[in-house]
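Here's a set of exercises to work through with the model open beside you. Try each task before you read its solution.

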Amino acid sequence: MSNLTRLTAGDAELTIDPDHGCRIESLRLGGAELLVSGEHFGSFVMAPWAGRTGNGRFRDGATVHQLPVSGHAAPHAIHGTVRDQRWKTAHVTDTTAAFTTGLGDPWPYAGRVTQTVELAEDSLTLQLGIETDGDSFPAQAGWHPWFRRSLDGGQDVRIDFAPAWQEERGTDHLPTGRRIDPLPGPWDDCFGMPDGVDVTLTWPELLELRITSRAEWVVVYDEPADSVCVEPQSGPPNGLNTHPRLVTPIDPLEVATTWTWRRL
């Protein structure tokens with residue numbers, strides 16, 4: 001039985017699937033679908049880490065933890081655990097919703113992740129929180145939306161942003177630790193935006209979508225022929241090892257993003 005949550009505001013329609021990672025499976029504006037459909041697409045939550053964790057291992061103090069290694073990303077672990085979990089629906093109105101899921105095996109710490117969603121006629125605001133049920137632990141969070149490269153057979157989307165740097169990517173697909181001047185695309189790369197993520201997608205003559213966040217990192221992935229991904233996240237790939245952000249009993253990790261659109 002379907003357990004989809006649907007929100008509407010004006011001609012904006014959002015569909016969320018809490019049974020499959022609390023994934024946004026559809027965002028339609030005036031009937032035009034913005035997201036790529038499918039089990040691993042839409043827009044999914046990345047937590048308690050984002051992107052690749054090198055060789056699936058991270059250190060917390062003197063303890064080294066091993067995470068599951070993903071086939072297509074081997075030898076690394078990728079995109080966290082909660083995208084594969086069933087979430088509980090905590091609250092729903094016509095335009096808002098809240099969901100939660102637990103952390104645990106294969107993640108080595110007990111805790112929980114919440115996602116709140118607020119839809120307006122011209123915007124979507126998403127918020128993530130990671131809390132611990134006891135021990136402190138390093139974590140990351142973010143979103144991985146798959147946007148359609150073209151809408152209704154129109155021109156391909158244009159990506160506009162002005163990052164302060166690009167994380168140099170090694171042959172192992174992990175940041176080397178060097179920050180370089182941004183290179184031209186196509187990209188599967190992480191960029192630093194210390195004043196906050198600010199990326200605009202423009203489908204010419206149709207729609208402009210601005211993605212903003214107080215987070216300081218964004219991964220842009222535009223290599224596929226049919227899609228582009230703009231992924232605000234609280235730290236860079238392999239950040240559990242290189243930029244650990246501790247979640248403590250009095251200091252949860254919180255991150256938010258807003259997508260704002262206008263018709264052209």
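**Exercise 1.** What volume does the second largest pocket have? Find what lines it, too.

*Solution.* We're working on a predicted model, where local features need pLDDT of at least 70, side-chain atom pairs count only at pLDDT 80 or more, and totals for chains, interfaces and linings use all residues. Residues are numbered from 1 along each chain as its sequence is written, and side-chain values use heavy atoms, with hydrogens and water left out.

Step 1: get the volume. The second largest pocket comes to about 300 Å³. A pocket here is an open set of points on a 1 Å grid over the protein atoms alone, where a 1.4 Å probe fits, with protein on both sides within 12 Å along at least five of seven lines; lining residues have an atom within 4 Å of a point. Grid points are joined across faces, edges and corners, and the volume is the space filled by probe spheres set on the points.

Step 2: list the lining. There are 15 lining residues, and Arg214, Ala215, Glu254, Val255 and Ala256 lie nearest the centre of the second largest pocket. Strand 12, strand 13 (123-132) and strand 25 each give two or more residues to that lining. Strands are DSSP runs of E with at least two residues, and helices are runs of H or I with at least four, numbered from the N terminus. Strand 25 has the largest share of this lining, four residues.

Step 3: sort by chemistry. The lining of the second largest pocket splits into six nonpolar, five polar and four charged residues. Here Ala, Val, Leu, Ile, Met, Phe, Trp, Tyr, Cys and Pro count as nonpolar, Asp, Glu, Lys and Arg as charged, and the others, Gly among them, as polar.

**Exercise 2.** Now do the same for the largest pocket: which residues are closest to its centre?

*Solution.* Step 1: the largest pocket holds about 440 Å³ of space. Among its 25 lining residues, Arg52, Ile78, His79, His144 and Asp188 are the closest to the centre.

Step 2: strand 15, strand 17 (165-169), strand 19, strand 22 (217-221) and strand 23 (227-233) each put at least two residues into the lining of the largest pocket. Strand 19 makes the largest contribution to that lining, with three residues.

Step 3: the lining of the largest pocket has ten nonpolar, seven polar and eight charged residues.

**Exercise 3.** Place Thr258: where is it found, and what does it touch?

*Solution.* Step 1: Thr258 sits in strand 25 (residues 253-263). Its relative accessibility is 23%, so call Thr258 partly exposed (buried is under 20% relative accessible area, exposed over 50%, partly exposed in between, with a 1.4 Å probe and protein chains only).

Step 2: skip neighbours within four places in sequence, and Thr258 is in contact with Ser123, Leu124, Thr125, Arg210, Ile211 and Thr212; contact means heavy atoms within 4.5 Å.

Step 3: check the side chains. Those of Thr258 and Thr125 make a polar contact of 3.2 Å, that is, a pair of N or O atoms within 3.5 Å, where within protein one must be able to donate a hydrogen and the other to accept it, and residues adjacent in sequence count only if both atoms are side-chain atoms.

**Exercise 4.** Look over the backbone: which peptide bonds are cis, and which non-glycine residues have a positive phi?

*Solution.* Step 1: know the background. Most residues other than glycine have a negative phi, and most peptide bonds are trans.

Step 2: take the cis bonds. One runs from Asp105 to Pro106, with omega near 10°, and Pro106 is in the loop between strand 11 (96-103) and strand 12 (111-120). Another joins Gly185 and Pro186, omega about 5°, and Pro186 is in the loop between strand 18 (175-180) and strand 19 (188-192).

Step 3: take phi. Asn55 has a phi near 55° and lies in the loop between strand 6 (52-53) and strand 7 (57-60). Asp152 has a phi of about 55° and lies in the loop between strand 15 (142-148) and strand 16 (158-160). Asn55 is partly exposed because its relative accessibility is 34%, while Asp152, at 68%, is exposed.
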